[in-house]
Amino acid sequence: MASSASPAILPISNSQQATGVSSNVDGAATAQSAAPVTTPAFRLFLSRLQESVRRSLSDRRPWSELVDLSAFSRPESLSEANSRVRKNFAYFRVNYLALIAAVLVLSLITHPASLVILLGLLASWCFLYFFRPSDPPLVLFGRSFSDRETLLGLTGITIFVVFLTSVGSLIISAFMIGVALVAAHGAFRVPDDLFLDDQMPGGAATGFLSFLGGGASTGGPTTVLARV
C-alpha cells in the first residue's frame, strides 16, 4: 500500500509581527512629534510673547528723562507726592515695569537655587499642562493622570513652592523693593515737563499681557478653563 504524501509545510509569515512593530514605531514617532516644544500652540505663544514684549519696549521713554537729576525735588505734601506718582507712572509706565522686572531677575540670579526651582516649576506647567496635547492622557510612573488631576497636582506643587519655600519670599521681597523704587522715583520726580496727552490708559499694561489674550482664540494658556 502506497504511503500517502505528507502535506507541504508552509512558512509562517511574519507580516503581522512586522506590522505591529511598524505601528509601534510610528506611534512613538508621532508621540515624539507631538512634544509640547514643537506644538503649534507653543510656537504661536512664543511668537506672540516676543511681539508683545517688542511692542511694549518700543513705547518706553528715554532713560535719560528717567534719571534727569534737574527734575527732582522734594514734594511739599503727601497729596502732591501722590499726584506725582500717578502722573509719572502714566508717563514712565514701561520703564517702571522694566525696572521691577530687572529687580526680580537680579534677585533670582543672585539666588541660583531659587532660580532653578522656579524655572522647573514653569517648565512643568508648560510641558505637562499648557502645551501638552489633550488627547493622550499624561502617564507618569505607569499611571495615567487626567487633566483635572494634573491641574490639581501642579497647583499643589506651586502653592508649596511659593508659600513654603524661600522662592516665594524672594519673589515678594524683590517685587516690594521694585515697587518702593518706583514709588520713590515717582514722588520726587517733577512731572511738569512731561507730555501726558498722548498716553492711552492701560496701553503698556495691555501691551505686556496682550499675548495672553491673543492666545485665547488659538488654544494657548487660556485653555485651562476649557480643560477644567
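**Group meeting: two buried arginines and a helix pair**

The side chain of Arg61 reaches the backbone oxygen of Tyr91 at 3.3 Å. That is a polar contact, meaning a pair of N or O atoms within 3.5 Å; within protein, one must be able to donate a hydrogen and the other to accept it, and residues adjacent in sequence count only if both atoms are side-chain atoms.

Before going on, the basis. This is a predicted model, where local features need pLDDT of at least 70 and side-chain atom pairs count only at pLDDT 80 or more, while totals for chains, interfaces and linings use all residues. Residues are numbered from 1 along each chain as its sequence is written, and side-chain values use heavy atoms, with hydrogens and water left out.

Now the overall layout. The protein has 10 helices and two strands; helices (H or I, at least four residues) and strands (E, at least two) are DSSP runs, numbered from the N terminus. The order from the N terminus is α-α-α-α-α-α-β-β-α-α-α-α. Of the 228 residues, 27% count as buried, where buried is under 20% relative accessible area, exposed over 50%, and partly exposed in between, with a 1.4 Å probe and protein chains only. Among contacts (heavy atoms within 4.5 Å) with a separation of 6 or more, 81% join residues 24 or more positions apart.

Back to Arg61. Arg61 sits in the loop between helix H2 (40–57) and helix H3 (63–66), and at 16% relative accessibility Arg61 is buried.

The second arginine is Arg84, in helix H4, residues 78–91. Is Arg84 buried or exposed? Its relative accessible area is 7%, so Arg84 is buried. A polar atom of the Arg84 side chain lies 3.2 Å from the backbone oxygen of Ala187. Setting aside neighbours within four places in sequence, Arg84 is in contact with Ser73, Arg74 and Pro75, and with Gly186, Ala187, Phe188, Arg189, Val190 and Pro191.

Arg189 comes up again with Leu69. Leu69 is in the loop between H3 and H4 and is exposed, at 70% relative accessible area. The C-alpha atoms of Leu69 and Arg189 are 8.5 Å apart, with their positions 120 residues apart along the chain.

Next, the helix pair. The axes of H6 (residues 112–130) and H7 (residues 147–164) come within 11 Å and cross at roughly 170°; axes are lines fitted to C-alpha atoms, for helices over the stretch in contact, and angles run from 0 to 180 degrees between N-to-C directions. The crossing angle makes H6 roughly antiparallel to H7, a label that needs an angle over 145 degrees. On the H6 side, the contact is made by Ile117, Leu121, Ser124, Trp125, Leu128 and Tyr129. H7 contributes residues including Asp147, Leu151, Leu154 and Val161.

Just past H7, Thr165 lies in the loop between H7 and helix H8 (166–188). Thr165 is partly exposed, at 27% relative accessible area. From C-alpha to C-alpha, Thr165 is 9.9 Å from Ile117, and the two are 48 residues apart in sequence.

Last, the record. An unreviewed UniProt entry places the feature "transmembrane region" at residues 90–109, 115–131, 151–184 and 204–226; such annotations may be inferred rather than shown by experiment, and feature names are shortened. In the model, residues 90–109 are 95% helix and 0% strand, with end C-alpha atoms 30 Å apart. For residues 151–184 the span is 97% helix and 0% strand, and the end C-alpha atoms lie 40 Å apart.

Technical notes. Angles under 35 degrees count as roughly parallel, over 145 as roughly antiparallel, 65 to 115 as roughly perpendicular and the rest as oblique.
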